[in-house]
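User: Hi! Could you walk me through this structure? I'd like to get a feel for it before I go back to the bench.

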Number of protein chains: 2
Amino acid sequence: MNFNKTTEEHILRIARNVFERKGFQGARMQEIANEAGINKSLLHYYYRSKEKLFHNAYRKAFESMIPDVREIFMGQKPIKEKIRLFADSYSRFLMQNPNLPHFVLHELNRDPESLLSIIKEAGIDPTQFIGQIKKEMEAGNIMPMDPRQLMINILSMTIFPFIAKPIIMPVLCGNDQEVYKQLIEERKKLIPEFFTNVMIKDDN
Amino acid sequence: MNFNKTTEEHILRIARNVFERKGFQGARMQEIANEAGINKSLLHYYYRSKEKLFHNAYRKAFESMIPDVREIFMGQKPIKEKIRLFADSYSRFLMQNPNLPHFVLHELNRDPESLLSIIKEAGIDPTQFIGQIKKEMEAGNIMPMDPRQLMINILSMTIFPFIAKPIIMPVLCGNDQEVYKQLIEERKKLIPEFFTNVMIKDDN
DNA sequence: ATATGGTTTAACCAGGTGGTTAATCCAAAT
DNA sequence: ATTTGGATTAACCACCTGGTTAAACCATAT
């Protein structure tokens, strides 16, 4: 066989795709071998077991989600800019990897422990970010609230529409792929506005 | 054996619990039988196949999520009240069924078609709700935006923290169950404030 | 007592699963 | 040309899975 790069990488790319669609339990080694156009034994030759093959694919998938998060956590930009950048780049990223959030969250539910090592390795630390938020809230640049809640809100509004696609598509988009895509597109602007262009009303 | 009610119901209750934790592919008929304290054949006696047993459990689980959604869709209350009510009751409901959203969304990804019949059966229709939103936005009761986006936002902010619990708990709550619970509790107030107590800043 | 019929069980089965093994292929080094 | 060693394959295996079957159980009706 002649693949783009090495067989090893080729396998991992295919495996990741299958795992993303079927999850660990749903994926079959034979299926991965078929899609990769190789013998099943080759999977075990390069990655000793299904568990190990999955672990590699999973880690790679998870890590691909991190850079943007790291930027918002650790970067030096003002908070408004961070949020705008995150909503925009993450939405675009997820549009190209639509079932990645569901995949990661599914396996995170299956094995919550596995997260710790990955986070450690990625060197993510929210404390600096939380400090920045507090400062900018006091300066009035952003709607005041618990910084943790702000993070949850941003992640929720960005990621959830992708996880819930099979329910949003038929109910709100008339099963039209383009309408859904347009809806996501609008959110890139809508989400940052939510946190930066608003203020508390003084009347009720 | 002497269960609360009939054996049939007992099986379904246990099955639903196992399915919620493991998903369709991850659950084993033997496991369900064990947890129910009965012979595996009994499962097939009452529910012909794993597929059918799952379908029953799944439908029941899904339907348990609907009443609150129906209220916000079809009810007659003012929008502010609807949102407050939804965030409050749904958060409480999810707190008691923590892995239900992930379960439903997971199976929805596995088989998106299955949703249609359930929604039809539940008789949910967003058009009336969307009309109401438009009217109340014009009256200035609520931040103006695409009604579909408003719905996505409310659902995102309410449901996502439960799906993402295994990542929120360690990163934002120091793995403390109580801290997480408190975080969710605060969101019951925080979420409605987001949509009702804010307005667009005119400067900037 | 015993016949009845829904309920429950133990034993079994075919097919699928991840994984192993030994043989073969094949390009590079000698 | 031969050797070498990684890459690749076909055949195989033990185990697990959902599902079947025939027998046993047991409360109720006769």
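**A chat about the model**

Analyst: Happy to. One thing up front: this is a predicted model. A good place to begin is A:Phe19, which, leaving aside neighbours within four places in sequence, is in contact with A:Phe24, A:Ala27, A:Ile32, A:Lys50, A:Leu53, A:Phe54, A:Ala57 and A:Phe103.

User: Which residues touch the most other members of the largest nonpolar core?

Analyst: That would be A:Phe19 and B:Phe19, in a core of 137 residues. Helix α4 of chain B, residues 50–74, gives this core its largest share, with 11 residues.

User: And why would nonpolar side chains be buried together?

Analyst: That is a general tendency in soluble globular proteins.

User: Okay, new topic. What secondary structure does chain A have?

Analyst: Chain A has 12 helices and one strand. Following the sequence, the helices come before the strand, in the pattern α-α-α-α-α-α-α-α-α-α-α-α-β.

User: What does the C-alpha trace of chain A span?

Analyst: About 70 × 40 × 30 Å along its principal axes. Of the 204 residues in chain A, 50% count as buried. Looking at contacts in chain A between residues at least 6 apart in sequence, 66% join residues at least 24 apart.

User: What about the surface of chain A, how much is exposed?

Analyst: Chain A exposes about 9900 Å², and carbon and sulfur atoms supply 51% of that. As for charge, chain A carries 29 positive and 26 negative side chains, with the centres of the two sets 5 Å apart.

User: Now the two chains. What turn lays chain B on chain A?

Analyst: A turn of 180 degrees, with a shift of 0.0 Å along the axis, and the RMSD is 0.1 Å. This is the relation of a two-fold axis. In chain B, the C-alpha nearest that axis belongs to B:Ser156, at 2.7 Å. Both copies use the same surface, since 100% of the contact residues of chain B recur in chain A.

User: Nice. Is helix α6 of chain B enclosed or exposed?

Analyst: Largely enclosed by the rest of the structure, because nine of the 11 residues of this helix (residues 100–110) are buried. Among them are B:Phe103, B:Val104, B:Leu105 and B:Leu108, and also B:His102, B:His106 and B:Glu107.

User: I'm curious about A:Thr158. Where does it sit?

Analyst: A:Thr158 is in helix α10 of chain A, residues 147–163. A:Thr158 counts as buried because its relative accessibility is 1%, and the cut-off for buried is under 20%. Not counting residues up to four places away in sequence, A:Thr158 touches A:Phe86, A:Tyr90, A:Ser91, A:Leu94 and A:Ile191.

User: And B:Gln132, buried or exposed?

Analyst: Buried, at 12% relative accessibility. B:Gln132 is part of helix α8 of chain B, residues 127–138. Apart from neighbours within four places in sequence, the contacts of B:Gln132 are B:Lys77, B:Pro78, B:Ile79 and B:Lys82.

User: Last one: how far apart are A:Ala164 and A:Leu43?

Analyst: They are 121 residues apart in sequence and 33 Å apart in space, C-alpha to C-alpha. A:Ala164 counts as buried, with 1% relative accessibility.

Technical notes. Residues are numbered from 1 along each chain as its sequence is written. Chains are lettered from A and ligands numbered from 1 in the order in which they are written. This is a predicted model: local features need pLDDT of at least 70, side-chain atom pairs count only at pLDDT 80 or more; totals for chains, interfaces and linings use all residues. Side-chain values use heavy atoms; hydrogens and water are left out. A nonpolar core is a set of buried Ala, Val, Leu, Ile, Met, Phe, Trp, Tyr and Cys residues joined through side-chain atoms within 4.5 Å. Buried means under 20% relative accessible area, exposed over 50%, partly exposed in between (1.4 Å probe, protein chains only). Helices (H or I, at least four residues) and strands (E, at least two) are DSSP runs, numbered from the N terminus. Contact means heavy atoms within 4.5 Å. Copies are superposed by least squares on the C-alpha atoms of residues with pLDDT of at least 70 in both. Accessible areas come from the Shrake-Rupley method with a 1.4 Å probe; for residues, only the protein chains shown count as cover. Lys and Arg count as positive and Asp and Glu as negative; His and the chain ends are not counted. The place of a charge is taken as NZ of Lys, CZ of Arg, CG of Asp or CD of Glu.
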